[in-house]
Amino acid sequence: FSIASCPTPTMASPMELSGPCSPEEIPMYAPVVLKSENGFLCVTTGAPAFVEECNTECEFFLAVHNNKGTIRHGFLNAGTRTYLSLKAGWTTSSLILNPSGQDLFEAAETFALTPVDGNKVVLAQGAYFVNSKLSTTKNMADAAQFELFRMAGNKAAYPITLVRSVFTFDRPEGRANETTIWDAAAMHEHFVIEEGTWQIETLHFKVEAPVTNLRKVVTTYKMGVKVDTQTVILGDYTPQEDPFTFTFQRNEVPEGYMVRGWYSQTTNFVSDEGPAAVPKQSDFEIVARR
């Protein structure tokens, strides 16, 4: 995302704001606050409410979820580490928090941020909108209008920031190796992989806070059915200026008619302290040798 027209505030106060910003001007997991004519949207005693003065309970990290071209946004509360969602039962629901530990791809719900006036947006989910009473309405005219502001400081949503993954495919019969770079800023990646190749992944990541027993957990699905879960332990890390690298063991891509086709994967990084990095999704197809 370009942030040229909505820079990060440079003031010393962590409550210093910059904006209002359009969602496209805010980078992934930047700290933001939402303000409407009723005040700032905050989480007080576990429940969302509007308050007049911005405080740390009003701080969210803006997540962007691109599901096959459909942009949705999730709001991860900086204090509770949970996502805002709308409780099932639309007509009587209010804005609630998902249980701790749920990630954007599982139980956490996301919103379409629909522009209405300049940089103002409404929070939409399907045919429903969030209104000024923090319940839902089908009438867009009754929806609460919010402005997004970036917050000062370099607080990170997660202790680990993924930089990139470099996949090297060692193909048989003396053919040239193939390298694919996984863009850490993309919530979804799509790959075509040749059967019978050998795959080596090198992960580059930055550490923003100490983590103990960092693990990468990859769950693979085919036609919606879970077919495999792998956990790899990366170890303990403390912050440093330069990115760390970790090279995983060489892995053979299976071959044969039965394994060809499309797969989806969910990748989570967890530590003894909790979720450690932005969850990722990818789709890949295993194809016959060319």
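# Exercises on a predicted model

Asn213 is partly exposed, with a relative accessible area of 25%. Here buried means under 20% relative accessible area, exposed means over 50%, and partly exposed lies in between, with a 1.4 Å probe and protein chains only. The structure is a predicted model, in which local features need pLDDT of at least 70 and side-chain atom pairs count only at pLDDT 80 or more, while totals for chains, interfaces and linings use all residues. Residues are numbered from 1 along each chain as its sequence is written, and side-chain values use heavy atoms, leaving out hydrogens and water.

## Exercise 1: the chain as a whole

Describe the secondary structure, burial and confidence of the protein chain.

Step 1. The chain has zero helices and 24 strands. Both kinds of element are DSSP runs numbered from the N terminus: helices are H or I with at least four residues, strands are E with at least two.

Step 2. Of the 290 residues in the protein chain, 48% count as buried. The chain exposes about 14,400 Å², and carbon and sulfur atoms supply 51% of that area. Accessible areas come from the Shrake-Rupley method with a 1.4 Å probe; for residues, only the protein chains shown count as cover.

Step 3. Take the contacts between residues at least 6 apart in sequence: 61% of them join residues at least 24 apart. A contact means heavy atoms within 4.5 Å.

Step 4. The mean pLDDT of the chain is 81, and 81% of its residues reach 70 or more. This score is the predictor's confidence in each residue, from 0 to 100. Confidence is lowest in strand 15 (residues 178-183), with a mean of 69, and highest in strand 20 (residues 244-247), at 96.

## Exercise 2: cysteines

Find which cysteines form a disulfide, and explain why Cys54 has no bond to Cys58.

Step 1. A disulfide is a pair of cysteine sulfur atoms within 2.5 Å. Searching the whole structure gives one disulfide.

Step 2. The partners are Cys42 and Cys58, with sulfur atoms 1.6 Å apart. The pair links distant parts of the chain: Cys42 is in strand 3 (residues 39-44), and Cys58, 16 residues apart from it, is in the loop between strand 4 (47-51) and strand 5 (60-67).

Step 3. The link of Cys42 and Cys58 is right-handed, with 70° about the S-S bond.

Step 4. Cys42 has 0% relative accessibility, so it counts as buried. Cys58 is buried as well, at 0%.

Step 5. For Cys54, the closest cysteine sulfur is that of Cys58, 4.7 Å away, which is too far for a bond. Cys54 counts as buried, at 18% relative accessibility.

## Exercise 3: the partners of strand 13

List strands that pair with strand 13, and state whether strand 13 is enclosed or open.

Step 1. Two strands pair if DSSP finds at least two bridges between them.

Step 2. Strand 1 (residues 17-21) runs antiparallel to strand 13, and three bridges join them. Cys21 stands opposite Leu148 in strand 13.

Step 3. Strand 2 (residues 31-36) also pairs with strand 13 in the antiparallel sense, over four bridges. Here Lys35 stands opposite Glu147.

Step 4. Strand 10 (residues 120-125) pairs with strand 13 over two bridges, in the antiparallel sense. Glu147 is the bridge partner of Lys120.

Step 5. Strand 13 (residues 146-151) is largely enclosed by the rest of the structure, because five of its six residues are buried.

## Exercise 4: positive phi

Give the phi values of Leu134 and Asn213, then place both residues.

Step 1. Most residues other than glycine have a negative phi.

Step 2. Leu134 has a positive phi, near 60°. Leu134 is in the loop between strand 11 (128-130) and strand 12 (136-137), and is buried at 9%.

Step 3. Asn213 has a positive phi near 55°. Asn213 belongs to strand 18 (residues 211-222).

## Exercise 5: apart in sequence

For Glu252 and Met223, state the surroundings and the C-alpha distance to a residue elsewhere in the chain.

Step 1. Glu252 is in strand 21 (residues 251-252) and is partly exposed at 39%.

Step 2. The C-alpha atoms of Glu252 and Glu195 are separated by 8.6 Å, with their positions 57 residues apart along the chain. Leaving aside neighbours within four places in sequence, Glu252 is in contact with Thr197 and Trp198.

Step 3. Met223 is in the loop between strand 18 and strand 19 (225-237). Met223 is exposed, with a relative accessible area of 79%.

Step 4. Met223 and Ser264 are 41 residues apart in sequence, and their C-alpha atoms are 8.4 Å apart.
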